[in-house]
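Please look through the structure shown below, with its sequence at hand. The paragraphs that follow go from a pair of helices to the domains, and then to the spaces inside and at the surface.

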Amino acid sequence: MRIDPWASRQYADYARLRDEFGIEPFDAGPRIAARGVRSPLLSRGVVFGHRGFDRIERAIERGQPWALLTGLMPSGNFHLGHKMVMDQVRAYQELGADVTLAVADIEAYATRGMSLERAREIAIDQYVRNYLALGLDPERAQVYFQSRRAAVKDLAWKVGRKVNWTTMQAIYGFEGETNMGHALAPLVQVGDILHVQLPRYGGPRPVLVPVGVDQDPHLRLTRDLADATRVYSVKLVKEGGLGVFVGPDDDVPGRLKAARQALSKAGFADSKENVAYKALYLPHAAPDDVTDVDLVLAKLESAAGAFGFLAPSATYHRFMTGLTGDKMSSSRPETSVFLTDDEATARKKVMGAKTGGRATAEEQRRLGAEWDKCVVAEMYTYHLAPDEADLAEKHEKCVTGARLCGPCKGIAADRVVAFLKEHKERRDAIDDKTLASVVRED
Ligand code: TRP
């Protein structure tokens, strides 16, 4: 099985994805809720998997700096699927993340033939305005364009040196006919994800990339390339304790000494060098000191002029099914509520949604409806029923047949309409100054 980030298919078997690609189950929802940050997406299993989220949790627990970076291709109307990303961003902002959002205009140009001018219009009009109206805190967030940020493009070709065509073929299924613009798009995305750790953008620190699971190939590539930039690596060793290993062959004694000094200052005073093994042994470090030791070393590398990129962490969310039962798409209005829809349009879309209803009302009263197959149930779970008791009531009435699909959709439609009305007020209240303060020109 291969995940194709540009295909329009859906991934339904999340457990299989997890097992086959080594994605870990995401279980941080309750701990995040215990911190007073409420997010249905994080606590209800919509965000179902992660790589390296422990690094982020540690930074949150200790109040240390960490960053969030994610990106969207400006494809058209902003819909409920896009809102999911923003809801997560907002929760993480509350948890202390500094936020950087990429407008993937190079990717849209390369893979969809969209002009940069059009991408910019859509990004500002549709995306940035909606981000702000959905509660993005402009004080600790910035939006940039791939095509304008030199650091991102420079990184794309610099890290390009560390990956060959065979690997790109294996990850993405690229072939001889793949055009080079498309072939470069993943490297630009690697540049997006890694550049926030350059000194100018905040230096080495944990970075979280919340995305849909179709983006996992990019994350695997990025994490490998981040590791490839490193001078040092840290591993648990059999005898207990941690081992720090030097990658390059030159100046091994000097590098070991520098690591030893930096770690000693950070509280890991007890260490033994083994120059022949290019290693430094920390006998008293605990297994969960790995991330701290790694951060000390990444900062050391960065201060010495190397990249020192920590491997970024990622979380993966399930996709929302389109209202019609197939994929949600900004170019197919009938598949999703757009955040700019007027009342009548939105109501009509929800009332026309595909549900888990039975063939006849009689049958449904007898058997109950199929909540797990219902797009409207998804809307409640993801967006429309933030309160647990309320969600439980919707579920109960559905599966017992006590409430039929018509009335249930009616409630959902009312909620969508109320949300859109408030959202429009918030969007109209955004002034040009706030907008301009978030959008960076390089
Ligand atoms: N490839 C993503 C998409 O298809 C957009 C994107 C570009 C992105 N750069 C990113 C996502 C960096 C996460 C991180 O929508």
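In this predicted model, the axes of helix 5 and helix 16 come within 11 Å of each other and cross at roughly 30°. Two numbers are given here because a pair of packed helices is described by both the angle and the distance between the axes. The crossing of helix 5 and helix 16 is left-handed. Which residues make the contact? Helix 5 contributes Leu 80, Lys 83, Met 84 and Asp 87, while helix 16 contributes Met 379, Tyr 382 and His 383. Sorted by class, the residues of this contact are 4 nonpolar, 1 polar and 2 charged.

From the helices one may turn to the domains. The domain assignment divides the protein into domain 1 (14-229 + 310-319), domain 2 (232-303) and domain 3 (333-433). A distance of 29 Å separates the C-alpha centres of domain 1 and domain 2. In the contact of these two domains, 8 residues come from domain 1 and 10 residues from domain 2.

The next topic is enclosed space. How many cavities of 30 Å³ or more does the structure hold? There are 2 of them. The largest cavity contains about 100 Å³ of space. Its lining consists of 16 residues, and the closest to the centre are Thr 355, Cys 374, Cys 398, Cys 405 and Cys 408. Helix 16 (375-384), already met in the helix pair, and helix 18 (405-428) each give at least two residues to this lining. In terms of class, the lining of the largest cavity comprises 10 nonpolar, 3 polar and 3 charged residues.

The second largest cavity holds about 70 Å³ of space. The residues that line this cavity are Arg 55, Arg 58, Ala 59, Gln 64, Pro 206, Thr 291, Asp 292, Leu 295 and Leu 310. Helix 4 (53-62) and helix 13 (290-303) are the elements that give two or more residues to the lining. By class, the lining of the second largest cavity has 4 nonpolar, 2 polar and 3 charged residues. Why does this cavity lie between domain 1 and domain 2? It is placed between them because both domains give residues to its lining.

Finally, there are open spaces to consider. The largest pocket has a volume of about 990 Å³. Among the 40 residues that line the largest pocket, those nearest its centre are His 82, Arg 112, Asp 214, Phe 319 and Lys 327. At least two lining residues come from each of strand 3 (67-72), helix 5 (80-94), helix 6 (105-112), helix 10 (180-195) and strand 6 (207-212). Helix 5 thus appears both in the lining of the largest pocket and in the crossing with helix 16. The lining of this pocket divides by class into 18 nonpolar, 15 polar and 7 charged residues.

Methods
Residues are numbered from 1 along each chain as its sequence is written. This is a predicted model: local features need pLDDT of at least 70, side-chain atom pairs count only at pLDDT 80 or more; totals for chains, interfaces and linings use all residues. Side-chain values use heavy atoms; hydrogens and water are left out. On a 1 Å grid over the protein atoms alone, a cavity is a set of points where a 1.4 Å probe fits but cannot get out, and a pocket is an open set with protein on both sides within 12 Å along at least five of seven lines; lining residues have an atom within 4 Å of a point. Grid points are joined across faces, edges and corners, and a volume is the space filled by probe spheres set on the points. Helices (H or I, at least four residues) and strands (E, at least two) are DSSP runs, numbered from the N terminus. Ala, Val, Leu, Ile, Met, Phe, Trp, Tyr, Cys and Pro count as nonpolar, Asp, Glu, Lys and Arg as charged, and the others, Gly among them, as polar. Domain bounds come from an automatic or database domain assignment. Axes are lines fitted to C-alpha atoms, for helices over the stretch in contact, and angles run from 0 to 180 degrees between N-to-C directions. A crossing is left-handed if the near helix is turned anticlockwise from the far one by less than a right angle, and right-handed if clockwise. Contact means heavy atoms within 4.5 Å.
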